[in-house]
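Subject: Structure for your review

Dear colleague,

Please find below the structure that I am handing over to you. I would be grateful if you kept it open while reading the notes that follow it.

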Amino acid sequence: MKGTLKIYLGYAAGVGKTYRMLEEAQALRQKGCDVVIGYFEPHGRAETIAKTEGLEIVPRRKCSYANTSFDEMDTEAVLRRKPQVAVVDEFAHTNVPGCERAKRWQDVDALREAGISVLTTLNVQHLESLNDQVYDFTGVRVRETVPDWVVDAADEVVFVDLTPRALRNRLERGVVYAQEKAQKAMENFFTETNLTALREIAMRHAAHELEEKLEPADADQPQGGRHERILVCLTGRPSSAMLIRRARRVADYLQGECVALHVACGPVDESVERHMSFARNLRVESHVVSGSDISSAIAGFARQERITQIFMGRSAPLPWWKRFEETLVQQVVRQAHDMQITIVAERRR
Amino acid sequence: MPRLEDRRPDPGDLLRRVQAGERRESRGRLKVFLGYAPRVGKSLRMFDEGRRRRMRGQDVVVAALQSPVAPDIQTVIDRIEVVPQSEAGAINLDALFERHPQLCLIDGLAQSNPPGSRNAQRWEDVRDLLDHGISVITALNIQHIREQQDAVERITGKRAAHSVPQEFLNEADEIEVIDAPAEALLEGAAPANMPNARQLSELRELALLAAADIVERQLQDYLDDHGVEARWGAQERILVCVTPRSNALEMLHSGYRNAERFHGALLVAYVEQPELNGVDQTRLDRNMAIARELGAEIHSLHGQDFVAAILNFAREQRITQLFLGHTLRGARSLWRSPVDRLIDAADEFDVRIFPHREGE
């Protein structure tokens, strides 16, 4: 049987996710469960390190990349050890190139496939669909992300709270990072507004995860209204990634589906390929149709697929000599006049 | 230009805010641990924070304990001074004013006081302590927030006898949520009246959302106090623009459903037009009646320029999704339609255009 996954969800480093996770690991051990630490990031925090006492630690693996040595979880060693439960810190971590799997969440999945249950930690800003919103708030583009469906598939998501004031006090006391780094962090990412906003997002997301588990999506009879089918119009423009994330998120919340479409006039170029594979990563089914009349192709596809809502990026303004022509958005609005059309803001800071 | 005066903070509001700020200076600080059910561990967390603060040199006393005291809590408070409660369980306010510690630890915020006490409710005692400059850390469960009691009753079929008004919690300096899996609460011998696993999960969701709403309010206050212009909010805020001839029913229902699913806010706005004919006025009135039934926050905007009025309002209200009817688009003409202009100008929120249905 596949192992279970429990995620301790926080909103920033230092709120106490690892501590709570280790507390749980200790409680399990007390009950006679076979628990090991697969990966643990001590960050030099004494209280947290103390919580590992008595727990077996599977040694990490040294990986060298670009003449530097990195410590990674030794997934194969954990698999060989085959405990009942493995503690694996930092779910969103990206392994150095050359490792068996690119992402730690994939390592975790391999452990679970082998019947090992996993306890792990995650900050809300690492959720793929929140990437733009977090950037908009904090000005920080989070690089290490986890697809939402991976988190949705967890058996349990536990929210670990600490007030921003308490967190900033901990930073000031040097509990979270060394003093100098802490000072810098407080001026940048760990401002009162950033922390408050991230915390609110994390609370809402934790509530959303609970709701997902309480109301299994019923494809035929969604609660209170029709079943939403969202179509994302993909292009090679960078804003397409944002469009996919936003559509995925809205579809998840409305318990609807999400498909993506690219209308190709010629061969599909590399940037479109990248967006398509990104969409597939987020479990958005992707289609390509060829045609030179983009708006009719979109409207036709939407009708055929019983789409309820079309998600598009904003068209660039037309040059003055074309001011009496229609932009793509205007054309789609005219042609798909029987559907809802959402023009997604780029939310540039 | 649109008139915006009616939405600016009025001077009385500003004065109240300044006064509240001054009061806060001399007042003790209030921190609340919020749980979703008994056994979630809030008392332990509260007393543990008291223990750690004492170790850091603060003058801490325990002013209210739930009896019997659990062994793990007893260990935590071992070295903290206790100011004993009366035999009937009331906090000894006079002794606390006299002793005047920096920080009081008070379990069971929602308790009522025995007859003859200075205050009827324990939360009023806490308010008095704060007014005397004594900080308080306290704990309570979601079913004890007065404004949440209807929702809790819908889940569990039960209503707690004692409650604390939401307003009091809004004034707390800090609220921390204690979250834990529902099964953990059902392990071993669960107390009588314990909700079942599904009810516990629903209570858990309710507590998280209640806390998120409080945090949202704090964020807004902070931004207002510091004169920061808010950008995109953490909460979805949907604005439905209604005109007499728009397909309002579909927009309003969709807006309602979206707001509900996202646990966001639903706002409805119409731009006042000077001369509406009877038919249009009736339609508009009907649309507004529906909006009210759906519990939307209704705003009437003024302004010669429809697009500017909507845009300003949406920005001010930190709207994340704007719903518009297709009718605003009209036939193709030399002049760009209001919908086109709104799409072009709206770079901080999504614009959703709704189809026009025949017969509307």
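Two strands are said to pair if DSSP finds at least two bridges between them. Please note that the model is a predicted one.

With that definition, strand β1 (residues 5-10) of chain A and strand β7(A) pair in the parallel sense, over six bridges. In this pairing, L5(A) stands opposite V118(A) of β7(A). Strand β6 (residues 85-88) of chain A also runs parallel to β7(A), and four bridges join the two. Here V88(A) stands opposite T120(A) of β7(A). Between β6(A) and β7(A) the chain passes through helix α4 (residues 104-113) of chain A, and this β-α-β crossover is right-handed.

Is strand β7(A) enclosed by the rest of the structure, or exposed, and why should one say so? Seven of the seven residues of β7 (residues 117-123) of chain A are buried, so the strand is largely enclosed by the rest of the structure. In a regular strand, side chains alternate between the two faces of the sheet. Both faces of β7(A) are covered: S117(A), L119(A), T121(A) and N123(A) are buried on one side, and V118(A), T120(A) and L122(A) are buried on the other.

I turn next to the aromatic rings. Over all chains, the structure holds six aromatic pairs. One of them is formed by Y177(A) and F190(A), which meet edge-to-face, with 6.2 Å from centre to centre and 90° between the planes. This pair links distant parts of the chain, 13 residues apart: Y177(A) is in the loop between α7 (164-172) and α8 (179-187) of chain A, while F190(A) is in the loop between α8 and α9 (192-214) of chain A. The rings of F189(A) and F190(A) are also edge-to-face, because their planes lie at 75°, with the centres 5.7 Å apart. Ring pairs thus link Y177(A), F189(A) and F190(A) into a cluster. The relative accessible area is 17% for Y177(A), 16% for F189(A) and 5% for F190(A), and each counts as buried.

Two arginines also lie over rings. R104(A) is over the face of Y39(A), at 3.8 Å from the ring centre, and the charged end of R141(A) sits over the ring of Y135(A), 4.3 Å from its centre.

Finally, a search of the whole structure finds zero disulfides over all chains. C63(A) is in none, and the nearest cysteine sulfur, that of C99(A), is 3.9 Å away. C258(A) has its closest cysteine sulfur in C233(A), at 11 Å, which is too far for a bond.

Yours sincerely

Notes
Residues numbered from 1 in each chain as written. Chains lettered and ligands numbered in written order. Predicted model: local features only at pLDDT ≥ 70, side-chain atom pairs only at ≥ 80, totals over all residues. Heavy atoms only, no water. Disulfide = S-S within 2.5 Å. Buried < 20%, exposed > 50% of the residue type's maximum accessible area, 1.4 Å probe, protein only. Right-handed = clockwise from strand over helix to strand, strands pointing away. Phe/Tyr/Trp six-rings, centres within 6.5 Å; stacked < 30°, edge-to-face > 60°. Lys NZ or Arg CZ within 6 Å of the ring centre and 35° of its normal.
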